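Please find below a colleague's note on the pockets of the structure under review. The points are numbered for ease of reply.

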Amino acid sequence: MKIPNGQQIIEEFEKWSPKYLAMEGDPIGLHVGTLNKKVGRVLVTLDVNEAVVDEAIAKGAELIIAHHPPIFRPMKNLQTDLPQGRLMEKLIKHDIAVYAAHTNLDVAFGGVNDLLAQALGLQDTEVLVQTYETELVKVAVFVPESHEEQVRQALGDAGAGAIGDYEHCSYTLSGTGRFRPTAAADPFIGEAGKMEMTEESKIEVVVRKSEKDRVIRAMIAAHPYEEVAYDVFTLENKELPMGLGRVGTLEQEMTLRGFAEMVKEKLNVPFARIVGNEEDKVKKVAVLGGDGNKYIHQAKRAGADVYVTGDMYFHTAQDAQAIGLNIVDPGHHVEKVMIRGVANQLAKRTDWQCEFLPSEVDTEPFKLI
């Protein structure tokens, strides 16, 4: 096993939660420091405050992956006697990089909203608010049989052949390749000026259009030929729509009060605000981590009996009541499900000599009295 550098870790993370899934204007990506260094420990956190940075220092983490961007609005200055400036100074002095994955992690399959739906036991989940639909292309490459597996592996490692819950998907045909190298060529097979025939494999893979260039670079790097023969086809079929929130059904119908009690237990929060009749029956549930005020009408149109989201405003709650949509608001901090979720996902996806540590710092600012 090897110790990766920070860039390799983020490249692997972005195969799962790519930047293009983020909402427009969302300040995601590297916020502090450099990824051009060896990283043996990564701290995963919801928020970056001074206690979290102290935890990173104590645990020897060289990189923090956070959900909430520590620099959400542009900083006009960096005063180290003020809280944000002091935080930045401590990160820089201890050479700790900070990378933020915000709404891209909300949208990604297996991200924040899927983790919340899973915690609540929702079944047959679908996207609540579609924000992205992936365009697909098919890449077909011709390769000598001796290098078929090498090229196929490079394609899969670069993200080609990812279909739903499956990866490294490909199809192969066998045939005969014919070519004549010119006098200027330096052929892997054959001689200049002579017609050559060789047994080749045609490998076909489906690729997200946004990842096409990366996949082709990896394919060419792994290919033995001086000039690689390949085709790219635009496909009409699309991947599953992606977006914010999830909607699904409970295994058993329950009352709104009973459901709210379950939300408290499953999401490990001290309280939850509810809107609606406590005895209303709920079966279909919409959930959206963080602030979901904008989407009460989408939850209603999706047929949800109850909408689980945080930071519910007074007037939005009244609007939800008026359209007959029950609300359970367990707060914004339930997004903490991403801490272990991201740490586990990265550990599962890699075999590096690198620890992915879930933060143990509670960044919930609200207390119940």
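The points below take up two pockets in turn.

1. The model is predicted, and the totals for pocket linings draw on all residues.

2. The largest pocket has a volume of about 1,300 Å³. Its lining comprises 42 residues, and those closest to the centre are Ala-162, Gly-164, Glu-167, Arg-208 and Arg-349.

3. Which elements give two or more residues to the lining of the largest pocket? They are helix H1 (6-16), helix H6 (148-157), strand S8 (196-208) and helix H11 (337-349). Helix H1 makes the greatest contribution to this lining, namely 4 residues.

4. Sorted by class, the lining of the largest pocket holds 17 nonpolar and 15 charged residues, together with 10 polar ones.

5. The second largest pocket has a volume of about 580 Å³. A set of 24 residues lines this pocket, with Phe-72, His-102, Thr-103, Asp-291 and Lys-294 the closest to its centre.

6. Two elements, helix H4 (103-107) and strand S12 (281-291), each supply two or more residues to the lining of the second largest pocket. Strand S12 provides the largest share, 4 residues.

7. How many residues of each class are found in the lining of the second largest pocket? The division is 9 polar, 8 nonpolar and 7 charged.

Terms used
Residues are numbered from 1 along each chain as its sequence is written. This is a predicted model: local features need pLDDT of at least 70, side-chain atom pairs count only at pLDDT 80 or more; totals for chains, interfaces and linings use all residues. Side-chain values use heavy atoms; hydrogens and water are left out. On a 1 Å grid over the protein atoms alone, a cavity is a set of points where a 1.4 Å probe fits but cannot get out, and a pocket is an open set with protein on both sides within 12 Å along at least five of seven lines; lining residues have an atom within 4 Å of a point. Grid points are joined across faces, edges and corners, and a volume is the space filled by probe spheres set on the points. Ala, Val, Leu, Ile, Met, Phe, Trp, Tyr, Cys and Pro count as nonpolar, Asp, Glu, Lys and Arg as charged, and the others, Gly among them, as polar.
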